[in-house]
Amino acid sequence: IDHSKKCNGVIDCIDFSDECNSECGKEIINGVFLKVLAWVIGGVAVCLNAYSIYNGASKLGQGNRNSKFNGTAKIMINIGDLITGIYLLTIATVDTFLHRANYCQDQFKWLTSRSCA
């Protein structure tokens, strides 16, 4: 295959060898900076939101009706942020440990499978 057709985003070979090789470097998260950022932000989000949920739940029974409503709303927002942090850590984990080298080869299978909806 012509060198200009490699890593151009167009699949020319049935085995994806023109797009999935060491020259193209396709990964789930590209770049060391983004990988580190995913780990740091995900870890901080999980830790701080878990602490905030625990702290807010322990103080939920105190105060008047308005403060209970505000505390419940804050806990619900923290739960959403906690789930987002877990999602980010999951993506970073899969990228780092499970599919670092073979993501590109498996990408087509994943995107056309029943698990990708």
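How many salt bridges does a search of the whole structure find? Here is a short note to help you find your way to that answer and around the rest of the chain; please keep in mind that this is a predicted model.

1. **The overall layout.** A good place to begin is the secondary structure, which comes to three helices and zero strands. Following the protein chain along its sequence, you will read the pattern α-α-α. The chain has 117 residues, and 21% of them count as buried.

2. **How helix 1 meets helix 2.** Two packed helices are described by the angle between their axes and the distance between the axes. Helix 1 covers residues 32-58, while helix 2 covers residues 65-98. Their axes come within 8 Å and cross at roughly 150 degrees. Because the angle is over 145 degrees, helix 1 counts as roughly antiparallel to helix 2. The crossing of helix 1 past helix 2 is left-handed.

3. **The salt bridge.** Back to the opening question: the search of the whole structure finds one salt bridge. Side chains of opposite charge can pair when their charged atoms come close. Here the partners are Asp95 and Lys35, whose side chains meet at 2.4 Å, N to O. This pair links distant parts of the chain, since Asp95 sits in helix 2 and Lys35 in helix 1, 60 residues apart. Do have a look at their surroundings too: both Asp95 and Lys35 are buried.

4. **A nonpolar patch on the surface.** Val32, Val36, Val40, Val44 and Leu48 together make a nonpolar surface patch of about 460 Å². If you would like one residue to start from, try Val44, which is found in helix 1. Val44 has a relative accessibility of 44%, so it counts as partly exposed, a class that lies between the 20% limit for buried and the 50% limit for exposed.

5. **Cys47, buried or exposed?** Cys47 belongs to helix 1. Its relative accessible area is 54%, and therefore Cys47 is exposed, as the class begins over 50%. Cys47 also has a partner worth locating in the sequence: Gly85 is 38 residues away along the chain, yet the two C-alpha atoms are 8.9 Å apart in space.

6. **Asn55 and Ile75.** Asn55 is another residue placed in helix 1. With a relative accessible area of 24%, Asn55 is partly exposed. In sequence, Asn55 and Ile75 are 20 residues apart, and their C-alpha atoms are separated by 9.3 Å.

7. **A path for your next look.** You might start with the Asp95 and Lys35 salt bridge, then turn to the crossing of helix 1 and helix 2, and finish at the nonpolar patch that includes Val44 and Leu48.

Definitions and conventions:
Residues numbered from 1 in each chain as written. Predicted model: local features only at pLDDT ≥ 70, side-chain atom pairs only at ≥ 80, totals over all residues. Heavy atoms only, no water. Patch = residues over 30% accessible without salt bridge, like charges linked within 9 Å, V, L, I, M, F, W, Y side chains within 5 Å. Areas by Shrake-Rupley, 256 points an atom, 1.4 Å probe, with all protein chains shown as cover. Salt bridge = Lys/Arg side-chain N within 4 Å of Asp/Glu carboxyl O. Helix = DSSP H or I, 4+ residues; strand = E, 2+ residues; numbered from the N terminus. Buried < 20%, exposed > 50% of the residue type's maximum accessible area, 1.4 Å probe, protein only. Axes fitted to C-alpha atoms, helices over the stretch in contact; angles between N-to-C directions. Parallel < 35°, antiparallel > 145°, perpendicular 65-115°, else oblique. Left-handed = near helix turned anticlockwise from the far one by under 90°.
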